[in-house]
Amino acid sequence: MTTHIFKPDMPAPKTSVGALGWMRAHLFSSWLNTLLTLFAVYLIFLVVPPLLHWAILDANWVGTTRADCTKEGACWVFIQQRFGQFMYGYYPPVLRWRVDLTVWLAVIGVAPLFIKRFPRKAIYGLCFLVIYPILAYTLLHGGMLGLDVVPTSQWGGLMLTLVIATVGIAGALPLGILLALGRRSKMPAIRVVCVTFIEFWRGVPLITVLFMSSVMLPLFLPEGMSFDKLLRALIGVIMFQSAYVAEVVRGGLQAIPKGQYEAAAAMGLGYWRSMGLVILPQALKLVIPGIVNTFIALFKDTSLVIIIGLFDLLNSVKQAAADPAWLGMATEGYVFAALVFWIFCFGMSRYSMHLERKLDTGHKR
Amino acid sequence: MQNQIGAPKQRLSLGDPRVRAWLFQIITIVAVVSLGWYLFNNTQTNLQHRGITSGFGFLERSAGFGIAQHLISYTESDSYARVFVIGLLNTLLVTFIGVILATILGFIVGVARLSSNWIISKLATVYVEVFRNIPPLLQILFWYFAVFLTMPGPRNSHNFGDTFFVSNRGLNMPAALVADGFWPFLASIVVAIVAIVLLNRWATKRFEETGVPFHKFWASLALFILIPALCCLMFGVPVHWEAPKLQGFNFIGGWVLIPELLALTLALTVYTAAFIAEIVRSGIKSVSHGQTEAAHSLGLRNGPTLRKVIIPQALRVIIPPLTSQYLNLAKNSSLAAGIGYPEMVSLFAGTVLNQTGQAIEVIAITMSVYLAISISISLLMNWYNKRIALIER
Amino acid sequence: MKMLKTTLAVVTAAAVLGVSGFAQAGATLDAVTKKGFVQCGVSDGLPGFSVPDSTGKIVGIDADVCRAVAAAVFGDATKVKFSQLNAKERFTALQSGEVDVLSRNTTWTSSRDSGMGLVFAGVTYYDGIGFLVNNKLGVKSAKELDGATICIQAGTTTELNVSDYFRGNGLKYTPITFDTSDESAKSLESGRCDVLTSDKSQLYAQRSKLASPNDYVVLPETISKEPLGPVVRKGDEEWFTIVKWTLFAMLNAEEMGVTSKNVEEQAKSTKNPDVARLLGTDGEYGKDLKLRKDWAVQIVKQVGNYGEIFEKNLGKSTPLAIDRGQNALWNNGGLQYAPPVR
């Protein structure tokens, strides 16, 4: 009996494995691809080396004044010298520990929510949401517990950017959820009011909203009643943002199968209880990534407060670049601000994608 | 017991959901109306008490200030209403150019991200991740202050064949001035378009009846070139070009794209294109791979597969989010206030508001313009969306 | 029936809320006394007029006017809070009551005095529009600026006056408008515009902020009248009078030779009846203004007389080094003139 012995497999042709094969498949698979690859390499060659030289190799890293920037590249000394202003604005230097403490409290406070086995997360989260803002306000603004008052006109830099973004989203969430529920309500009057509100704010640019809140809001209110400039901007941001949150939440509500609504009704739950206990917990879970994306958009939009003269990160950079002692540092300043914004936004968008994968419960139909 | 045929006579009580619904709605309406009334009343009192002029009469008054860029003729003695129109046109101009360029760039980058070419797809990814995570205002400021304003002055501008000049005053280029052959030329283009449409109809009909293909594209192109060219030979050139010349402080003659416009358009294009690229990518990915394989097995090559099979299906997924990107671009054009490009917000809600002091009227007009733009773009896109959706069988 | 009820409810609610909308307008002085400080609107950074120094304290002649008002009202020049406003925000900030007095190099014009619900309390600085150009252009006079690109701050009278001047002289120009003076200055430096135009006092300030100030010259022409002064809301005569007379007190003090150094001594021992009336040694003029008796003493002691604050903020000892010129007292060939206290 003859046994058939298979010959061992021939090794794949050299041209299709290893580095060479990879390159063939991914870079030079056709003449068009080869051309594109060459073009791309040329592009990289054009951009990267000068950028590298400017930003790192030929950059100035040490010194205290503009005169120390003798090399051709970027003058990062400027960023080092003005770092405090970029982070805290005109917040008094001796009191800046209060800002740091606020940030640390937020980090420590939020951390348990990311621990899988932490008991009673929901209750803890709610408590945190109630207590933290009071604590943060007390720390940042002062005036209580023997802390000196730091008026909001002295707030600035990244700190102000974060304040506007977080307060904006925190205020917009509940309002947005209510609006989304209202938009899907069976009561025509409520629906019309909500739709009008949402479409109005979504139709106008944030800049005009900020203009309105800074210029017109005071005229709307009774005489003598005047708000802080930051508060007025925050009101505008919350109104604007709530419309976007509402649309995201509406998407979540629509994704919940009708059976859930019917089941809740069949159990005899009224509107609020069926929403609160059955629908919203599922819908909100679905829309968390969407809300994070809205937050990213808001975070980028905070830079618009420059128009109404608040000193956020971007405006602090602009202000510092106008200083006669540091003339011509605009590029370094903008690059720095861009980097900070980019780190935050990119980080959050990665987190949102991670959540999307984690929370995907297969509800989509 | 007999069945009651009529519904039991209900007494109005709070337990009845319908009554509650009515009550709830009435409360809402009352609250909204009284809030509106309250604000209106406050405003009225404030205006009266402080003697601030109100009403739209100011639109008739002469503006008295100059404007850097106006698409229609303007002098300082023109009215505020005309200033408004100029601001609106400038907004529309940026939006129009931005939408076109961002769509082109976005499609290229989106397709590039899916390319089998590793380096190209990585480059596209880097592009998207970098530009969509930086605030648009920052990008505008960067392009303006760090790029365009650092260009050389008009006297040492980058010169491209004595016709195009790039300096910190913008891009100067030859202006097209109407010559003798202009109107015949315009007419010949219309004729060419009509001829192309007729030809295409005929070719499609013949293809459907006999199956004989026809080189529609090349024939159309030939028509489009030949007819106007003939016309030029007969009636003379349609336009003559006026090149910009350096004189005094600046270039005289020709057309100029001011750096504010360039920076704004560039920044918005680059920013929006990053989002469009993502939309295009996910749109194309949403078309199942089976479609590609089916098209290949029918003998279609890569190009026609993409054009005739993938893109038409992907478009249905792409259009709705694309619309909101266009809307965002229109709204983001208001960021021009940061660099002094004279569009709606910086010109009308800025300068005019300040010269007249009539904040409420000016802001109300500005907001309604944006609302109108938003609503019309979404209506247009809904219409288009419906049209493509109908193709589905 | 339901309709009727609804309508009734709406009308009632509206009426209730509406009435509360007509909240009695409290006089500014009462409001200021109650909150314990004067809220003062200043510029977003203009050397010599109002600019934050290295510690964040606002310094400049406009800021000092506010301090003088605080000194008059409270006897304490530190009881003042500043709001930095850009040109676009300033009037609404005042109209809406966000600030009590706007002292922000603002030009007094008829339309601002009438249609905007504002009223100017006087003139702190007589100014006029000028042009700042690069030496390299070789321009000697504003008449040679035909075809120039001009940087202007948005929302100012400068926009209108420049347009008038160029139209009047048959010249062409391209305006580039920015929200802040820093942006305009940056654009001049980069060559985006040939000329920076603004009030002359500001041009000197701007020039001092440029990288190489000596490359730029201010052209000799002054093309407009720009009287700058503090503004208050219309309809509150009492507060208007206080701000107006604060300014006059500083001018009168300079005229009479009363300075921050000698004011207390003068108040005690003066023989001059004019000085005695101003400083409250004689008569009850402060009381008529609803102020304290020694209001003028406090102003001069804590802030200074007009000449002192001019020298301190704009004069020869400062980088701006502006001449008194039109801003000298009337008896020194200038325009500054205050009515007598009597």
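# A guided tour, starting at helix α8 of chain C

Select residues 200-209 of chain C to begin: this is helix α8, which lies across β8, β11 and β12 of chain C and runs at about 130° to β11(C). Keep in mind throughout the tour that the model is predicted.

**The open sheet of chain C**

Now bring in the strands beneath the heading of this stop, which make up an open sheet of five strands in the order β10-β9-β11-β8-β12 (chain C), with mixed pairing. Which strands stand at the edges? They are β10 (173-178) and β12 (216-218) of chain C, and because each has a single partner strand, one side of each is left without a neighbour in the sheet. If you step across the sheet from one strand to the next, the twist averages 30°.

Within this sheet, select residues 148-153 and residues 195-199 of chain C, which are strands β9 and β11; they run parallel and are joined by two bridges. To find one residue pair in β11(C), look for L196(C), which is the bridge partner of C151(C).

Add residues 181-190 of chain C next, and helix α7 appears, lying across β8 (129-134), β9, β10 and β11 of chain C, with a direction at about 160° to β9(C).

**Strand β5 of chain C**

Move on to residues 101-107 of chain C, the strand β5 in which N105(C) is found. Seven of the seven residues of β5(C) are buried, so the strand is largely enclosed by the rest of the structure.

Two partner strands can be shown here. Strand β1 (residues 38-42) of chain C runs parallel to β5(C) and is joined to it by two bridges, and in this pairing G41(C) stands opposite L102(C). Strand β13 (residues 226-233) of chain C, in turn, runs antiparallel to β5(C) and is joined to it by three bridges; here you can select T107(C) together with L228(C), its bridge partner in β13(C).

**Two backbone angles to inspect**

Most residues other than glycine have a negative phi. Centre the view on N105(C), where phi is near 25°, a positive value in a residue other than glycine. Is this residue buried or exposed? N105(C) has 27 other C-beta atoms within 10 Å, and because 20 or more count as buried, N105(C) is buried.

Then go to K290(C), in the loop between α12 (285-288) and α13 (295-302) of chain C, which likewise is not a glycine and has a positive phi of about 65°. K290(C) is partly exposed, with 16 other C-beta atoms within 10 Å.

**From chain C to chain B**

Select A68(B), which is placed in the loop between α1 and α2 (80-113) of chain B. What does A68(B) touch, if residues up to four places away in sequence are not counted? It touches I258(B) and P342(B) in chain B, and T174(C), P175(C) and I176(C) in chain C. The C-alpha atoms of A68(B) and I258(B) are separated by 8.5 Å, although the two residues are 190 residues apart along the chain. With 21 other C-beta atoms within 10 Å, A68(B) is buried.

**Chain B as a whole**

Zoom out until chain B fills the view, with its eleven helices and eight strands. Its C-alpha atoms fill a box of roughly 90 × 70 × 45 Å along the principal axes, and its radius of gyration is 29 Å, where a compact globule of 393 residues would have one near 21 Å. Buried residues make up 37% of the 393 residues in chain B.

To see how chain B is divided, colour 80-142 + 259-391 as domain 1 and 175-242 as domain 2; the C-alpha centres of these two domains lie 30 Å apart.

**Where chain B meets chain A**

Show chain A beside chain B for the last stop, where the contact takes 43 residues from chain B and 43 residues from chain A. On the side of chain B that touches chain A, the elements that give two or more residues are α1 (17-50), α3 (118-131), α4 (136-148), α10 (344-356) and α11 (359-391) of chain B. The element that gives the most is α1(B), with eleven residues, and the residues of this side divide into 28 nonpolar, 13 polar and two charged.

Finally, colour chain A by its own division into domain 1 (18-57) and domain 2 (81-91 + 150-359), whose C-alpha centres lie 40 Å apart.

Notes
Residues numbered from 1 in each chain as written. Chains lettered and ligands numbered in written order. Predicted model: local features only at pLDDT ≥ 70, side-chain atom pairs only at ≥ 80, totals over all residues. Domains from an automatic or database assignment. Pairing = 2+ DSSP bridges. Helix = DSSP H or I, 4+ residues; strand = E, 2+ residues; numbered from the N terminus. Axes fitted to C-alpha atoms, helices over the stretch in contact; angles between N-to-C directions. Contact = placed C-beta atoms within 7 Å. Buried ≥ 20, exposed ≤ 12 C-beta atoms within 10 Å, placed from the backbone. Rg over C-alpha atoms; globule rule 2.2 N^0.38 Å. Nonpolar A, V, L, I, M, F, W, Y, C, P; charged D, E, K, R; others polar.
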